[in-house]
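I opened the notebook to record what I looked up in this structure, entry by entry.

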Amino acid sequence: MDVSGSKANWASDPDSISRSRILKSRDKNDRRHVLIVEDNELVTDALRILFEETGRRVTIPHSVADEVTVGENDPPDLILLDLTLPDGDGLEVLRSLSIR
C-alpha cells in the first residue's frame with residue numbers, strides 16, 4: 001500500500017518498467033561484474049540481490065580456490081572479500097590476484 005492507503009500498482013510504475021527493459025537489454029559482457037567472497041550465506045544473498053537489482057552480474061565462488069580461478073578467468077570490476085575465510089586467508093587471495 002502507498003501512503004494514501006491504496007495498493008500500489010508496480011506493473012504500471014514507469015521507473016520499474018524502464019529499469020526492467022534496461023536490465024533485459026544488457027548483454028552479459030556489458031554488465032559490471034561483482035565478485036563476492038564471503039562465507040556467511042545471509043550476507044552473500046543480500047549483496048547478490050542488491051547488486052543484481054542494480055544491473056550488476058554477480059559471482060559467488062564456493063571456495064578460495066574457486067575465487068582465484070574466477071578472478072583470473074573472468075576479472076571482476078569489484079571484489080567484496082571477507083578477510084577470514086574457512087578455507088584460506090582473504091589477504092593472500094587478494095595478493096595472488098593482484099600479482100596476476
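I began with Leu94, which I found in helix α4, residues 90-99. The model I am reading is a predicted one, and I keep that in mind for every entry below.

I then asked myself: is Leu94 buried, partly exposed or exposed? Its relative accessibility is 42%, so I noted Leu94 as partly exposed, because that class lies between the limits of 20% for buried and 50% for exposed.

Next I looked up the surface around this side chain, and I wrote down that Leu94 joins Leu83 and Leu91 in a nonpolar surface patch of about 250 Å².

I turned to the sheet, where I asked in what order the strands lie. I traced three strands in an open sheet with parallel pairing, and the order is β2-β1-β3. At the edges I marked β2 (57-59) and β3 (78-81), each of which pairs on one side only. On average, and ignoring direction, I noted a turn of 20° between neighbouring strands of this sheet.

I followed the pairing of β1 (residues 33-37) with β3, and I recorded four bridges between these parallel strands. For Val34, I listed Leu78 in β3 as the bridge partner.

My last entries concern the helices that lie against these strands. I saw that helix α3, residues 64-73, packs on the sheet and touches β1 and β2, with its direction at about 165° to that of β1. Helix α2, residues 41-53, I noted as lying across β1, β2 and β3, and I wrote its angle to β1 as about 175°.

Definitions and conventions:
Residues are numbered from 1 along each chain as its sequence is written. This is a predicted model: local features need pLDDT of at least 70, side-chain atom pairs count only at pLDDT 80 or more; totals for chains, interfaces and linings use all residues. Side-chain values use heavy atoms; hydrogens and water are left out. Two strands pair if DSSP finds at least two bridges between them. Helices (H or I, at least four residues) and strands (E, at least two) are DSSP runs, numbered from the N terminus. Axes are lines fitted to C-alpha atoms, for helices over the stretch in contact, and angles run from 0 to 180 degrees between N-to-C directions. Contact means heavy atoms within 4.5 Å. Patches are made of residues with over 30% relative accessible area and no salt bridge: like charges are joined within 9 Å, nonpolar side chains (Val, Leu, Ile, Met, Phe, Trp, Tyr) within 5 Å. Accessible areas come from the Shrake-Rupley method with a 1.4 Å probe; for residues, only the protein chains shown count as cover. A salt bridge is a side-chain nitrogen of Lys or Arg within 4 Å of a carboxyl oxygen of Asp or Glu. Buried means under 20% relative accessible area, exposed over 50%, partly exposed in between (1.4 Å probe, protein chains only).
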